[in-house]
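Here is an informal tour for someone meeting this protein for the first time. Have a look at the sequence and the model, then read on.

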Amino acid sequence: MKSIWRNKYRPANLLLAAGAAFSSAAHAVNDLPGGPSVRQLNLPVGVTKIAQEQHLLHTIMMILCTVIFVAVFAVMFYSIWKHRKSVGHKAANFHESVVVEVIWTIVPFLIVIVMALPATKVLVAQKDTTNADLTIKTTGYQWKWGYDYLNGEGEGLAFISTLDSSQRAMSDAGARGAMPDDYLLKVDNPLVVPVNKKVRIITTANDVIHAFAVPQLGLKQDAIPGFVRDTWFRAETVGDYYGQCQELCGKEHAYMPIHVKVVSSADYTTWVAAKRKEAAAKLDDPTKVWALPEMLVRGEKVYAANCAACHQANGKGAGPIKPLDGSAKVVAADHKVQLEVLLNGQNNGAMPSWKQLSDTDLAAVATYTKNSWSNKTGQLVQPAEVLALRGK
């Protein structure tokens, strides 16, 4: 009988094993320092005291719950087995016992107190955002993060962080072949902070509910439109730490990563100086008159960073996302038609507002879409046209 079973099921077992081996080879990845680990089941220990306390609290609670589970079910199964009818036991007929009632009221109460005290301590510490060295507002957009440095070194800096375009291209191609360890976690502009400094994170959102979460830093805070909430962290180790939006926010939810780069104080000062120069270079004079070739070059970069994720690099759109190639609004001779959409959005936020981009960037991307693919209009949008419409 045993040999028949083995012969019958051996081909299926071989196929399953071969399939598992092929799957592992095709999608083999390594642990990502500061990010997820292969076959990770538990919370990460983390690089902040809050994250480490969360990990310890989680471990204690799991042990406590396991002990209670085993004890309760052991007593229950023992009672059922020992007092079963087949060995002659008869069901007892009795009323409540005051002693038992007191015991099963007091014991759970004490257990809850034991659990609540350390949990309350960690929860209160998580919300103590006072005396921060650095305050950063994080704004969730569909589907990217905006960072504004409000207080501390770097005050006034602001930028958008988007999934790296090369990784989006991998996803669109079906994620075939070898994938990088940071697949769908690499961004164009990481959030940079100094080590051993208290960083206050203020969260809000521009459209729907998002959640700013970086497990290694012990961070998880919802970002809600119209509300401002806050949390904090103090990273004790230099490195790169990854997270994702943890609130289902639409079809691009999986393409909304978070990359926090913790650097030394000296490196942070250098980064701030470089970022200020970069920001100053982008403060173009909105009255400058641009030529078509240079505007197209700039527009292509703006489109790749902000628009291609939805409208695709070929401008064809996908599903409910409308195509830009051949769009009447894009090729319209009256530039206001397209610029009003870029500034104000449309379809109840399905197409978001892009007011956070500069006048020159908006003019550049409008010019690029008017002259790309089959849209060979020859039209040139100037930053002054955007500026004139921005306040209306």
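What follows covers two annotated spans, the cysteines and a cavity.

This is a predicted model, where local features need pLDDT of at least 70, side-chain atom pairs count only at pLDDT 80 or more, and totals for chains, interfaces and linings use all residues. Residues are numbered from 1 along each chain as its sequence is written, and side-chain values use heavy atoms, with hydrogens and water left out.

Let's start with the annotation. An unreviewed UniProt entry marks residues 56–78 and 98–117 as "transmembrane region". Here is how those spans look in the model:

| Span | Helix | Strand | Distance between end C-alpha atoms |
|---|---|---|---|
| Residues 56–78 | 100% | 0% | 33 Å |
| Residues 98–117 | 100% | 0% | 29 Å |

Now for the cysteines. The structure has zero disulfides, a disulfide being a pair of cysteine sulfur atoms within 2.5 Å. Cys 245 is in none, and its nearest cysteine sulfur, in Cys 249, sits 3.9 Å away. Cys 245 counts as buried because its relative accessibility is 4%, where buried means under 20% relative accessible area (1.4 Å probe, protein chains only). Cys 307 is buried as well, at 14%. Its closest cysteine sulfur, in Cys 310, is 8.7 Å off, so that is too far for a bond.

Cys 307 also helps line the largest cavity, together with Asn 306, Leu 342, Trp 354, Leu 357, Leu 362 and Val 365. That cavity has a volume of about 30 Å³. By class, its lining has six nonpolar residues, one polar and no charged ones.

Technical notes:
On a 1 Å grid over the protein atoms alone, a cavity is a set of points where a 1.4 Å probe fits but cannot get out, and a pocket is an open set with protein on both sides within 12 Å along at least five of seven lines; lining residues have an atom within 4 Å of a point. Grid points are joined across faces, edges and corners, and a volume is the space filled by probe spheres set on the points. Ala, Val, Leu, Ile, Met, Phe, Trp, Tyr, Cys and Pro count as nonpolar, Asp, Glu, Lys and Arg as charged, and the others, Gly among them, as polar. UniProt positions are given in the numbering used here, feature names are shortened, and annotations may be inferred rather than shown by experiment. Helices (H or I, at least four residues) and strands (E, at least two) are DSSP runs, numbered from the N terminus. Buried means under 20% relative accessible area, exposed over 50%, partly exposed in between (1.4 Å probe, protein chains only).
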